[in-house]
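Me: I'd like to go through the charged pairs in this one. Can you walk me through the reasoning behind each label?

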Amino acid sequence: MGTHLHITVWVLGIILFFVAFALAGKHDKGAKIVHMIVRLLYLLIIATGVELYVRTGMNIPSFQGEYFGKMILGILVIGLMEMVLVRKKKGKSVKGVFVGFLVIAFVTILLGLRLPIGFHIF
């Protein structure tokens, strides 16, 4: 496993999250299937993230705290994604949770790009 697998799973997760968001609230089988696939991707995202942290993040002492912080932010993003989908499915307001998801996801992505094993855009 590696960085590319983690990023690929994240991209697929975000794309399918938006598909599930568009389908949420509709009581059809397709909406449930996409939501379950997104939940499976959550697990893969966490597994690849933990693997990256154990393999490399713990071995770079000057960045250990930032890698751990990014891991916590990533788990928060996943939690917010799930909260958005469940709230929309139940017909509740998702505006605040959705904004929180966007902000935390943006910060997490920026932190990931800043760290040594990410893509070096900055």
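Reply: Sure. One cut-off to start: buried means under 20% relative accessible area, exposed means over 50%, and partly exposed is in between. Keep in mind that this is a predicted model.

Me: Why is Glu66 called partly exposed?

Reply: Glu66 has a relative accessible area of 25%. Buried would need under 20% and exposed over 50%, so Glu66 falls in between.

Me: What makes Arg114 and Glu66 a salt bridge?

Reply: The cut-off is a side-chain nitrogen of Lys or Arg within 4 Å of a carboxyl oxygen of Asp or Glu. For Arg114 and Glu66 the N to O distance is 3.0 Å, so the pair qualifies. Arg114 sits in helix H4 and Glu66 in helix H3, so the bridge ties together parts 48 residues apart in sequence.

Me: And how do you know that Arg39 and Glu82 meet in a salt bridge?

Reply: By the same kind of check: their N to O distance is 2.6 Å, and the limit is 4 Å, so they count. This pair links helix H2, which holds Arg39, to helix H3, which holds Glu82.

Me: Is Glu82 buried or exposed, and why?

Reply: Buried: its relative accessible area is 18%, and the cut-off is under 20%. Arg39, at 32%, is partly exposed.

Me: What separates Arg55 and Glu51 in helix H2?

Reply: About one helical turn, because they are four residues apart in that helix. Their closest N and O atoms are 2.8 Å apart, so with a 4 Å limit this is a salt bridge too.

Me: How many salt bridges does the rule give?

Reply: Three.

Conventions. Residues are numbered from 1 along each chain as its sequence is written. This is a predicted model: local features need pLDDT of at least 70, side-chain atom pairs count only at pLDDT 80 or more; totals for chains, interfaces and linings use all residues. Side-chain values use heavy atoms; hydrogens and water are left out. Helices (H or I, at least four residues) and strands (E, at least two) are DSSP runs, numbered from the N terminus. Buried means under 20% relative accessible area, exposed over 50%, partly exposed in between (1.4 Å probe, protein chains only).
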